[in-house]
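Subject: Structure for you to look at

Hello,

Here is the structure I promised to pass on. Please open it alongside this email, and I will go through what turned up.

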Amino acid sequence: MSTDAAKPSRREQILTAAAEKFARAGFHGVGIDDIGAAVGISGPALYRHFRSKDAMLAELLTGISDRLLLGGKQRVDAAADPQGALDRLVRWQVEFALHNPALITVHMRDLDSLSDRDRRRVRESQRLYVEVWVDVLRRARPELDRPRARAAAHAVFGLINSTPFSAHLDTSAMSRLLRDMAHGAIAAI
């Protein structure tokens, strides 16, 4: 494998820098010059890659929502049984949270800065992702009705997605802790 294949594209570099900057200062607290400087180009040069700063935010937030949904579905499809599917979903959400704290922060803080169209798209992907969890929870725990399973899924997301504010352990230990806590919360339903 060549090192060129592993190197992120300029577009990916810009998105990563934008996520970090937005997470620290908020979408409205960051200018294109700030993002450009973070990747070694002028702010106006960003327009070769994105039509606007708003387009960067939209790609970040629609991208993570679509990626979570696709990854969740793939993990469920690869599982042998409902409990295995639930474990894979928990691991997927924990892995995502630990490796993308800036995106979680940006989502929580700046979702309302999206256009109505992009916000609806994000919300639809999120709704579908929640339903993946709801279906798995109900197969693993047939006594759960849909509203209770949905509430449980949201509670587990809240626990796991608090990571940007609570990661006081190394990644491996934090991963184990979050997985154990998520499974404990699910067992308590």
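Which side chain meets that of arginine 91 in a salt bridge? The partner is aspartate 87, with an N to O distance of 3.1 Å. Before going further, please keep in mind that this is a predicted model.

**Salt bridges**

The two residues of that pair sit in helix H5, and because they are 4 residues apart, about one helical turn separates them. In general, an α-helix has 3.6 residues a turn, so residues three or four places apart point the same way. Arginine 91 counts as partly exposed because its relative accessibility is 42%, and aspartate 87, at 26%, is also classed as partly exposed.

The count of salt bridges comes to 11. Another of them joins the side chains of glutamate 20 and arginine 24, at 3.9 Å from N to O. Both residues belong to helix H2 and are 4 residues apart, about one turn of the helix. Glutamate 20 is partly exposed at 37% relative accessibility, whereas arginine 24 has 60% and counts as exposed.

Helix H7 offers a further example: glutamate 124 and arginine 127 pair through their side chains at 2.8 Å, N to O. Here the spacing is 3 residues, again about one turn of the helix. Glutamate 124 has a relative accessibility of 36%, so it counts as partly exposed; arginine 127, with 42%, is partly exposed too. You will also find a network of salt bridges that links Glu131, Asp135, Arg146 and Arg150.

**A buried arginine without a partner**

Now for arginine 179, which is placed in helix H10, residues 171-187. Does this arginine sit buried or exposed? Arginine 179 is buried, and yet it has no salt bridge. Its nearest side chain of opposite charge is that of aspartate 87, 5.6 Å away. A salt bridge requires a side-chain nitrogen of Lys or Arg within 4 Å of a carboxyl oxygen of Asp or Glu, so a separation of 5.6 Å does not qualify. Aspartate 87 is the residue that does pair with arginine 91, and Arg91 is itself in contact with arginine 179. Setting aside neighbours within four places in sequence, the other contacts of arginine 179 are Val90 and Val94.

**Helix H6**

Why is H6 described as largely enclosed by the rest of the structure? The reason is that 7 of its 10 residues are buried. These are Ala102, Leu103, Ile104, Thr105, Val106, His107 and Asp110. The buried residues of H6 pack against helix H2 (10-25), H4, H5, H7 and helix H9 (163-166).

Threonine 105 makes a good residue to click on in this helix. With a relative accessibility of 12%, threonine 105 counts as buried. Beyond its neighbours within four places in sequence, threonine 105 is in contact with Ala23, Pro164 and Phe165.

**The largest pocket**

The largest pocket has a volume of about 390 Å³. It is lined by 18 residues, of which Leu68, His107, Gln126, Phe157 and Asn161 are the closest to its centre. Two or more lining residues come from each of H4, helix H5 (82-99), helix H6 (101-110), helix H7 (116-140) and helix H8 (146-160). Which element gives the most to this lining? That is H7, with 5 residues. By type, the lining divides into 9 nonpolar, 7 polar and 2 charged residues.

**Two more places to look**

Isoleucine 41 is in the loop between helix H3 (32-38) and helix H4 (53-78). Leaving out neighbours within four places in sequence, isoleucine 41 is in contact with Arg10, Ile14, Gly36 and Leu46. The C-alpha atoms of isoleucine 41 and isoleucine 14 are 9.7 Å apart, with their positions 27 residues apart along the chain.

Aspartate 116 and leucine 89 are likewise 27 residues apart in sequence, but their C-alpha atoms are separated by 29 Å. Aspartate 116 is found in helix H7, and its relative accessible area of 48% makes it partly exposed.

Happy browsing, and best wishes

Key:
Residues numbered from 1 in each chain as written. Predicted model: local features only at pLDDT ≥ 70, side-chain atom pairs only at ≥ 80, totals over all residues. Heavy atoms only, no water. Contact = heavy atoms within 4.5 Å. Buried < 20%, exposed > 50% of the residue type's maximum accessible area, 1.4 Å probe, protein only. Lys, Arg positive; Asp, Glu negative; His and termini not counted. 1 Å grid on protein atoms, 1.4 Å probe; cavity = no way out; pocket = protein on both sides within 12 Å on 5 of 7 lines; lining within 4 Å. Points joined across faces, edges and corners; volume = space filled by probe spheres on them. Nonpolar A, V, L, I, M, F, W, Y, C, P; charged D, E, K, R; others polar.
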